[in-house]
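Trainee: I should like to work through this model with you, one question at a time. May we begin once the sequence and structure are displayed?

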Amino acid sequence: MPADRVLITSEQIQTRIREMAEEIERDYAPGPIYLVSVLKGSFIFVADLARALRRPNIRIEFMAISSYGNAKTSSGQVRLTRDLDVNIEGHQVLIVEDIIDSGLTLTYLKRLLEQRRPKSLEIATLLDKPERRVAPVAVKYVGFQIPDEFVVGYGLDYAEDYRNLNDIRILQQ
Ligand code: PRP
């Protein structure tokens, strides 16, 4: 399946990430910020966002959640496949996602992490597909709102392919 229609160029992504980082730096009190990257899709975004942030104590942690398998739409079943290995109690935590679609993944994750009593818990997503929302979820930092198209690249996959593209492309049906 070809993915040749560019929706967001790598330059646009990098510009927006710098703006998001400035906003985050303004909002957060000095001290560590725990970036919780939700694998696999957000691994490239978190790498760029972390480097755009200026304070030295940006802590990068990973969780893995599975909901899609190899399908193109959410199965609606969210499964934790890798938990954090740090205690986030009392810390500033920012969940970093590549895309919010139905909102089911983040609703599950937010509830799970709230129970661990972080000082604050917010969400940063590169992409948001508001038309697809099933579960409403408050997202503080959004890179781009996009239409309801299946997108790949910059960490996002279709059946594990295309994650390595520098830009975000629409997968042709
Ligand atoms: C994608 C994405 C989010 C989730 C969003 O992950 O990274 O975690 O789907 O969808 P939702 O809002 O409908 O829950 P995916 O399950 O494709 O796994 P991956 O990140 O490993 O590619």
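Mentor: Let us begin with Glu 89, which is partly exposed, with a relative accessible area of 42%. Please bear in mind throughout that this is a predicted model.

Trainee: In which loop is Glu 89 found?

Mentor: Glu 89 has a relative accessible area of 42% and counts as partly exposed. Beyond its neighbours within four places in sequence, Glu 89 is in contact with Arg 116, Arg 117 and Pro 118. Its place in the chain is the loop between strand 4 (79-82) and strand 5 (92-100).

Trainee: How far apart are the C-alpha atoms of Glu 89 and Asp 128?

Mentor: Asp 128 is buried, with a relative accessible area of 5%, whereas Glu 89 is partly exposed. The two residues are 39 residues apart along the chain. Their C-alpha atoms are separated by 28 Å.

Trainee: With which side chain does Asp 128 meet in a salt bridge?

Mentor: Asp 128 is buried at 5% relative accessible area. Its partner is partly exposed, with a relative accessible area of 24%. The N to O distance of the salt bridge is 2.7 Å, and the partner is Arg 133.

Trainee: How many residues apart in sequence are the parts that the salt bridge between Lys 140 and Asp 27 ties together?

Mentor: The closest N and O atoms of Lys 140 and Asp 27 are 4.0 Å apart. Lys 140 lies in the loop between strand 6 (120-128) and strand 7 (141-145), and Asp 27 in helix 1 (residues 10-27), so the pair joins parts that are distant in sequence by 113 residues. Lys 140 counts as partly exposed at 40% relative accessibility, and Asp 27 likewise counts as partly exposed at 40%. The separation in sequence is thus 113 residues.

Trainee: Which residues are linked with Asp 157 in a network of salt bridges?

Mentor: The structure holds 16 salt bridges. One of them joins Asp 157 to Arg 163, with the closest N and O atoms 3.5 Å apart, and both of these residues are buried. The residues linked with Asp 157 in the network are Lys 40, Glu 160 and Arg 163.

Trainee: Is the aromatic pair of Phe 150 and Tyr 158 stacked or edge-to-face?

Mentor: The structure holds one aromatic pair. Phe 150 and Tyr 158 form it, with 5.8 Å from centre to centre and 80 degrees between the planes. Phe 150 is buried at 13% relative accessible area, while Tyr 158 counts as partly exposed at 22%. Planes over 60 degrees apart count as edge-to-face, so the pair of Phe 150 and Tyr 158 is edge-to-face.

Trainee: Which strands stand at the edges of the open sheet with the order 1-9-8?

Mentor: Three strands form this open sheet, and the pairing is antiparallel. Strand 1 and strand 9 (residues 168-170) pair over three bridges, and Arg 5 has Ile 170 as its bridge partner in strand 9. Each edge strand has a single partner strand, so one side of each is left without a neighbour in the sheet; these are strand 1 (5-8) and strand 8 (151-152).

Trainee: Through which helix does the chain cross from strand 2 to strand 3?

Mentor: Strand 2 and strand 3 pair in the parallel sense over seven bridges, with Ser 37 standing opposite Phe 62 in strand 3. The β-α-β crossover between these strands is right-handed, and the chain passes through helix 2.

Trainee: In strand 5, which residue is the bridge partner of Tyr 34?

Mentor: Strand 2 is mostly covered, six of its seven residues being buried. Strand 2 and strand 5 run parallel and are joined by five bridges. The bridge partner of Tyr 34 in strand 5 is Val 93.

Trainee: Which residues touch the most other members of the largest nonpolar core?

Mentor: This core has 30 residues, and the elements giving two or more residues to it include helix 1, strand 2 (33-39) and helix 2 (43-52). Leu 35 has contacts beyond its neighbours within four places in sequence, among them Val 46, Ala 50, Leu 94 and Val 96. A second, separate core of 17 residues includes Ile 65, Ile 100, Leu 109 and Val 137. In the largest core, the residues touching the most other members are Leu 35, Leu 126, Leu 127 and Ile 168.

Technical notes. Residues are numbered from 1 along each chain as its sequence is written. This is a predicted model: local features need pLDDT of at least 70, side-chain atom pairs count only at pLDDT 80 or more; totals for chains, interfaces and linings use all residues. Side-chain values use heavy atoms; hydrogens and water are left out. Helices (H or I, at least four residues) and strands (E, at least two) are DSSP runs, numbered from the N terminus. Buried means under 20% relative accessible area, exposed over 50%, partly exposed in between (1.4 Å probe, protein chains only). Rings of Phe, Tyr and Trp (its six-membered ring) pair if their centres lie within 6.5 Å; planes under 30 degrees apart count as stacked, over 60 as edge-to-face and the rest as tilted. Two strands pair if DSSP finds at least two bridges between them. Contact means heavy atoms within 4.5 Å. A nonpolar core is a set of buried Ala, Val, Leu, Ile, Met, Phe, Trp, Tyr and Cys residues joined through side-chain atoms within 4.5 Å. A crossover is right-handed if, with the strands pointing away from the viewer, the path from the first strand over the helix to the second runs clockwise.
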